[in-house]
Amino acid sequence: MGKEELFKQAMDAIISSDLKKAEEIAKKAIGEGIDPMELMSRGFRVGITRIGDLFERGEMFLPELIRSAEVMKSVSELIISALPEESREKSGVVLIGTVQGDIHDIGKILVASLLKANGFEVHDVGHDVSVETFIEKAQELNVDIIGSSALLTTTMKYQKDLEGELKRRDLRDRFKTMVGGAPVTQRWADRIGADAYGEDATDAVRRAFELLGKS
Ligand code: B1M
């Protein structure tokens, strides 16, 4: 089976919330040496995005969205286990979390895992994280980068609040900031004054290296 066909089957497995099929495809692709992150972005993620679109149009309901999300989460764990071993040399320290009011965490977990695989020490503070917690933890753990993920148009504003609060506390130059999540764009990052925007997990790693002058 060709790579494109595998990607299509991965997408279909998420749409039909078929965990067994999704796991079979992931194992097959990994066994054939396909880049697990490419399988994620061109296969599974396309499937869950379609589900989101159907949900938005009222052609699919919350229980189905939840079922597909569960398959997506399980298959992400398989993908993560196939990422290269953590590199020994420390690339930098990153704090990552999903902003307040937002429980979407599949993408954030993937970003955290790929950063780890690239030698970053990553502190994942979870989801529904307040601006206050982002800042407190960043200081406590003495991180280089604060990464925030937002999946809802209504929660993106907390990424802006984080920038504002860092400025207010005179900490803006102490940390680099990176924003990401499906509704987030480079334009939004520029508008709120974030240092970087990560489009996907691979891009987030590239940006993190750039932020620390290691590109
Ligand atoms: Co929700 N949801 N959801 N949902 N959900 C969206 C976001 C939505 C766009 C679907 C839609 O209507 N089309 C919509 C938001 C609309 C809007 O804001 N205008 C929506 C809604 C409305 C909701 C609820 C309100 C539904 C309800 O209850 N009525 C509710 C909100 C709950 C809350 O947070 N308070 C809700 C709930 C859920 C589930 C729990 C069922 C589930 C989440 C499960 C979980 O995460 N544990 C879920 C899911 C799965 C989705 C969609 C379908 C898929 C998200 C996902 O996992 N994508 C989503 C539709 C969509 O995104 N198009 C949707 C796969 C993942 C690999 O990609 O998260 O984009 P992504 O992460 C990528 C990049 O964005 C980037 O890299 C990642 C890896 O490539 N990235 C970063 C992410 N974070 C980064 C950080 C970085 C850098 C890059 O630096 C720090």
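Start at the cobalt atom of the ligand and select H104. In this predicted model, NE2 of H104 is the only protein donor of that cobalt, at 2.2 Å. Keep H104 selected and trace the backbone: the residue is found in the loop between β1 (92-98) and α5. Now look at the side chain again. One of its N or O atoms is 2.8 Å from a nitrogen atom of the ligand.

Next, show the residues around the ligand. There are 37 of them, and G52, I103, H104, D105 and S149 come nearest. Colour the shell by residue type. You should get 18 nonpolar, 12 polar and seven charged residues.

Move on to the backbone contacts. Select T153: a backbone N or O atom lies 2.8 Å from an oxygen atom of the ligand. Then select A182, where a polar backbone atom is 3.4 Å from a ligand oxygen. Which elements give two or more residues to the shell around the ligand? Pick out the helices α3 (36-56), α4 (62-81), α5 (106-117) and α9 (201-211), then the strands β3 (145-149) and β4 (176-180).

Zoom out and colour by domain. Select 3-87 for domain 1 and 92-211 for domain 2. Why does the ligand lie between them? Both domains give residues to its shell, so the ligand lies between the two.

Last stop: hide the ligand and turn on a surface. The space the ligand takes up is the largest pocket. Bring the ligand back and finish on H104, the cobalt's only protein donor.

Definitions and conventions: Residues numbered from 1 in each chain as written. Predicted model: local features only at pLDDT ≥ 70, side-chain atom pairs only at ≥ 80, totals over all residues. Heavy atoms only, no water. Near = heavy atom within 4 Å. Polar contact = N/O pair within 3.5 Å; in protein donor to acceptor, adjacent residues only side chain to side chain. 1 Å grid on protein atoms, 1.4 Å probe; cavity = no way out; pocket = protein on both sides within 12 Å on 5 of 7 lines; lining within 4 Å. Sits in = over half its atoms within 2 Å of the grid points. Helix = DSSP H or I, 4+ residues; strand = E, 2+ residues; numbered from the N terminus. Nonpolar A, V, L, I, M, F, W, Y, C, P; charged D, E, K, R; others polar. Domains from an automatic or database assignment. Donors = N, O, S within 2.8 Å, 3.2 Å for Na, K, Ca; no water.
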